Amino acid sequence: MTFQIREDDLSDMRVHELIKLHLHGMFQNSPPGHVFAFDLSGLKAREITVWTLWWGEHVAGIAALKALTPEQGEIKSMRTHPDFLQQGVGSRLLAHIITTARDRGYRRLSLETGTGPAFDAAFLLYRRFGFTEGGAFSNYEKSDFNQFFHLDL
C-alpha cells in the first residue's frame with residue numbers, strides 16, 4: 001500500500017474528525033483570539049482547495065490552499081493524523097501544494113502559524129521547503145504569538 005493524495009470534497013466523516021482534531025489542537029495551544037484555522041464550513045469556501053492524504057482507508061493528513069490573489073496563495077489547515085506522525089505526511093502534502101501553486105501561476109505562498117513547542121515540527125517542515133519568516137499578510141496582524149512564513153515561487 002502507498003499514500004494517495006486526493007482533492008477532497010469534505011464529505012467523509014473521517015476527514016471531519018481530523019478537522020475537529022486539528023481545531024482542538026489549535027485552541028489548546030493558542031491564546032484566545034489567535035486561532036485562524038478553518039472549521040469544516042470555512043474549508044468549503046469557493047477560494048479554498050483541500051487535499052487529504054490516505055493510507056488505504058485511513059486519512060493520514062489534510063492540507064488546504066486558499067487563493068488570496070491571482071499571484072498569492074495561503075496554506076491552511078495542515079495536520080497529520082497522530083497515527084501517521086513522522087511518516088512524511090506533511091512533506092507530501094506540502095510538496096503537492098507547492099506544485100499546485102506553481103501550476104496556478106502563483107508567485108508566492110504564505111502561511112500564518114503560532115509559536116511554542118506545539119508548532120516546532122511545522123517550523124522545521126516549512127524551513128526545509130525553503131519558507132522564510134516574514135511580515136504579516138492579508139488581514140493578519142502581527143502579535144507576540146503568531147509568525148508568518150513565505151515562499152517565493
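Here are some numbered notes on the structure above, which is a predicted model.

1. **The elements.** Let's start with the parts list. The protein chain has 4 helices and 7 strands. Walk along from the N terminus and you meet them in the order β-α-α-β-β-β-α-β-α-β-β.

2. **Overall size.** How does the radius of gyration of the protein chain fit with a compact globule? For 153 residues, such a globule would come out near 15 Å, and the protein chain has 14 Å, so the two agree. If you'd rather picture a box, the C-alpha atoms fill one of roughly 40 × 35 × 30 Å along the principal axes.

3. **Inside and outside.** Of the 153 residues, 46% are buried. On the outside, the protein chain exposes about 8200 Å², with carbon and sulfur atoms supplying 50% of that. Now look at contacts with a separation of 6 or more: 64% of them are between residues 24 or more positions apart.

4. **Charges.** Count the charged side chains and you get 16 positive and 18 negative ones. The centres of these two sets lie 3 Å apart. There are 7 salt bridges in the structure, and a few of them deserve a look of their own.

5. **E57 and R14.** These two form a salt bridge, with their closest N and O atoms 3.4 Å apart. Along the chain, E57 and R14 are 43 residues apart: E57 is in the loop between β2 (48-55) and β3 (58-69), while R14 is in helix α1 (residues 13-28). E57 counts as exposed because its relative accessibility is 55%. R14, at 35%, counts as partly exposed.

6. **E71 and R107.** Here is another salt bridge, with 3.9 Å between the closest N and O atoms. E71 sits in the loop between β3 and β4 and R107 in the loop between α3 (89-103) and β5, so the pair ties together parts 36 residues apart in sequence. Is E71 buried, partly exposed or exposed? Its relative accessible area is 43%, so E71 is partly exposed. R107 reaches 55% and therefore counts as exposed.

7. **E74 and K76.** The side chains of E74 and K76 also meet in a salt bridge, at 3.7 Å from N to O. Both partners are buried: E74 has a relative accessibility of 2%, and K76 has a relative accessible area of 5%. As for shared partners, salt bridges join D12, R14 and E57 into one network.

8. **E112, a charge without a bridge.** You'll find E112 in strand β5 (residues 108-113). Which side chain of opposite charge is nearest to E112? It is K76, 5.7 Å away, and E112 is buried yet has no salt bridge. A salt bridge needs a nitrogen within 4 Å of a carboxyl oxygen. Setting aside neighbours within four places in sequence, E112 is in contact with F36, F137, Y140, N146, Q147 and F148.

9. **T80, just inside the cut-off.** T80 belongs to strand β4 (residues 72-80). Why does T80 count as buried? Buried means under 20% relative accessible area, and T80 is at 19%, so T80 qualifies. What does T80 touch, leaving aside its neighbours within four places in sequence? The contacts are L18, A60, G61, L85, V89 and G90.

Methods
Residues are numbered from 1 along each chain as its sequence is written. This is a predicted model: local features need pLDDT of at least 70, side-chain atom pairs count only at pLDDT 80 or more; totals for chains, interfaces and linings use all residues. Side-chain values use heavy atoms; hydrogens and water are left out. Helices (H or I, at least four residues) and strands (E, at least two) are DSSP runs, numbered from the N terminus. The radius of gyration is taken over C-alpha atoms; the globule rule is 2.2 Å times the number of residues to the power 0.38. Buried means under 20% relative accessible area, exposed over 50%, partly exposed in between (1.4 Å probe, protein chains only). Contact means heavy atoms within 4.5 Å. Accessible areas come from the Shrake-Rupley method with a 1.4 Å probe; for residues, only the protein chains shown count as cover. Lys and Arg count as positive and Asp and Glu as negative; His and the chain ends are not counted. The place of a charge is taken as NZ of Lys, CZ of Arg, CG of Asp or CD of Glu.
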